[in-house]
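Biologist: I am new to this structure and would like a close look at one part of it. Could you choose a residue, and then follow its partners outward step by step?

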Amino acid sequence: GVIQTSENGVKTLKEIADLKKNIEKEIMESLGKRTKNGYTLLNGLFHKPVLTSKDVQLITDLTPKASNDLIQAFMDLHILKEKTGYSRNRIFVFDDYIKLFNR
């Protein structure tokens, strides 16, 4: 049991590293002048994979408009998914990351 748990942990860690590498490439190719803020948000998502626009503002130190624009860019890249269906008080999820732990 211990060996299998260790092997699963190593596999998950590799998948996380691969996910991060692929998303960093997408950010670099897609976000232009917002690349630095994109990297900052991506790193924040590994610490807090479920968040609100207010959380994004705190992570990136951006204005509400700029943070919402960055969220939209991440949604367009399929990095974040909106889960509430509301136009206000929305919750965003770093779904691909969370899925790595729900197998």
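Modeller: Let us start from Y97, which is buried because its relative accessible area is 12%, where buried means under 20% relative accessible area, exposed over 50% and partly exposed in between, with a 1.4 Å probe and protein chains only. Please keep in mind that this is a predicted model, in which local features need pLDDT of at least 70 and side-chain atom pairs count only at pLDDT 80 or more, while totals for chains, interfaces and linings use all residues. Residues are numbered from 1 along each chain as its sequence is written, and side-chain values use heavy atoms, with hydrogens and water left out.

The rings come next. The structure holds four aromatic pairs, a pair being two rings of Phe, Tyr or Trp (for Trp, its six-membered ring) whose centres lie within 6.5 Å, with planes under 30 degrees apart called stacked, over 60 edge-to-face and the rest tilted. In one of these pairs the ring centres of F46 and F94 are 5.3 Å apart and the planes stand at 80°, so this pair is edge-to-face. F46 belongs to helix α2 while F94 sits in the loop between β3 (92-93) and α5 (95-99), so the pair ties together parts that are 48 residues apart in sequence; helices (H or I, at least four residues) and strands (E, at least two) are DSSP runs, numbered from the N terminus. Both F46 and F94 are buried. Y97 itself pairs edge-to-face with F101, at 5.2 Å from centre to centre and with 75° between the planes. In contrast to buried Y97, F101 counts as partly exposed, because its relative accessibility is 48%. Ring pairs link F46, F94, Y97 and F101 into a cluster.

From F94 the path leads inward. F94 is among the residues with the most contacts inside the largest nonpolar core, together with L45, F74, I79 and L80, and this core has 23 residues; such a core is a set of buried Ala, Val, Leu, Ile, Met, Phe, Trp, Tyr and Cys residues joined through side-chain atoms within 4.5 Å. At least two residues of this core come from each of α1 (2-30), α2 and α4 (64-76), and α4 gives the most, with five residues. Around F74, once its neighbours within four places in sequence are left aside, the residues in contact are I27, L31, G38, L41, L42, L45, I79 and L80, where contact means heavy atoms within 4.5 Å. In soluble globular proteins, nonpolar side chains tend to be buried together.

On the other side of F94 in sequence lies a small group of charged residues. The structure holds seven salt bridges, each being a side-chain nitrogen of Lys or Arg within 4 Å of a carboxyl oxygen of Asp or Glu. In one of them the side chains of K81 and D95 meet at 3.3 Å, N to O. K81 lies in strand β2 and D95 in helix α5, so this bridge ties together parts that are 14 residues apart in sequence. D95 also has K99 as a partner, the closest N and O atoms being 3.5 Å apart, and these two residues are four apart in helix α5, which means a separation of about one helical turn. K81, D95 and K99 are thus linked in a network of salt bridges. Within this network D95 counts as buried, at 12% relative accessibility, whereas K81, at 31%, is partly exposed, as is K99, at 44%.

Finally, K81 leads to the sheet. K81 stands opposite V93 in β3, and two bridges join β2 to β3, which run antiparallel; two strands pair if DSSP finds at least two bridges between them. The three strands form an open sheet in the order β1-β3-β2, with antiparallel pairing. The edges are taken by β1 (50-51) and β2 (81-82), each having a single partner strand, so one side of each is left without a neighbour in the sheet.
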